[in-house]
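Student: I should like to understand how the terms used for a protein structure are justified. Could we work through some of them together?

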Amino acid sequence: GGVLGGAMGLVLSSFGNPYSPEFLAGEVKMTTKEQFRVVWKDMLGRMKFHARQFAIIGGVFATVECGVERYRAKRDAMSSVTAGCITGAGLSARAGPSAAAFGCVGFAAFSLLDA
């Protein structure tokens with residue numbers, strides 16, 4: 001999860017804007033080398049963030065799936081869907097019951113691809 005998250009973070013961070021409003025207004029002058037450093041530092045920060053988030057999600061899903069399979073004593077698509085629902089609801093529960101329901105449905109549907 002972490003390696004894929006890092007790669008996704010690299011791609012997503014390349015679309016971001018690391019510059020301050022002062023720089024964009026032309027008040028701050030930077031050389032090309034300085035601009036590269038600023039952009040690269042921002043991209044690395046976002047890469048680390050995404051890698052950490054994907055590692056957490058992957059770890060939670062794998063742990064819950066293992067627990068569900070152990071409880072049910074079966075390894076089938078229903079175990080993956082149940083684990084996806086529990087993971088999605090758990091990760092989005094802080095945003096309220098509606099978000100937890102959407103998280104449950106979204107992760108359950110996505111976990112069908114894993115099954």
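**Terms and their grounds**

Tutor: Let us begin with a helix in this predicted model. Helix α4 (residues 77–92) has 16 residues, and from its first C-alpha to its last it reaches 22 Å.

Student: How do you know what span is expected of helix α4?

Tutor: The expected span is 1.5 Å times one less than the number of residues. For α4 this gives 22 Å, and the span of 22 Å is close to that.

Student: Which residues of α4 are buried?

Tutor: They are S79, S80, A83, G84, T87, G88 and S92. Seen down the axis of α4, these buried residues fall within an arc of 165°, so they line one face of the helix.

Student: What makes F36 and W40 a stacked aromatic pair?

Tutor: Ring centres must lie within 6.5 Å, and planes under 30 degrees apart count as stacked. The centres of F36 and W40 are 6.4 Å apart and their planes differ by 5°, so the pair is stacked. By this rule the count comes to 1 aromatic pair.

Student: Where do F36 and W40 lie along their helix?

Tutor: Both belong to helix α3 (residues 32–72), and because they are 4 residues apart, about one helical turn separates them.

Student: Why is F36 called exposed, and W40 partly exposed?

Tutor: Exposed means over 50% relative accessible area, and partly exposed lies between 20% and that value. F36 has 56%, so it is exposed; W40 has 39%, so it is partly exposed.

Student: What is L112 called by this rule, with 49%?

Tutor: L112 is partly exposed.

Methods: Residues numbered from 1 in each chain as written. Predicted model: local features only at pLDDT ≥ 70, side-chain atom pairs only at ≥ 80, totals over all residues. Heavy atoms only, no water. Phe/Tyr/Trp six-rings, centres within 6.5 Å; stacked < 30°, edge-to-face > 60°. Helix = DSSP H or I, 4+ residues; strand = E, 2+ residues; numbered from the N terminus. Buried < 20%, exposed > 50% of the residue type's maximum accessible area, 1.4 Å probe, protein only. Arc of directions from axis to C-beta.
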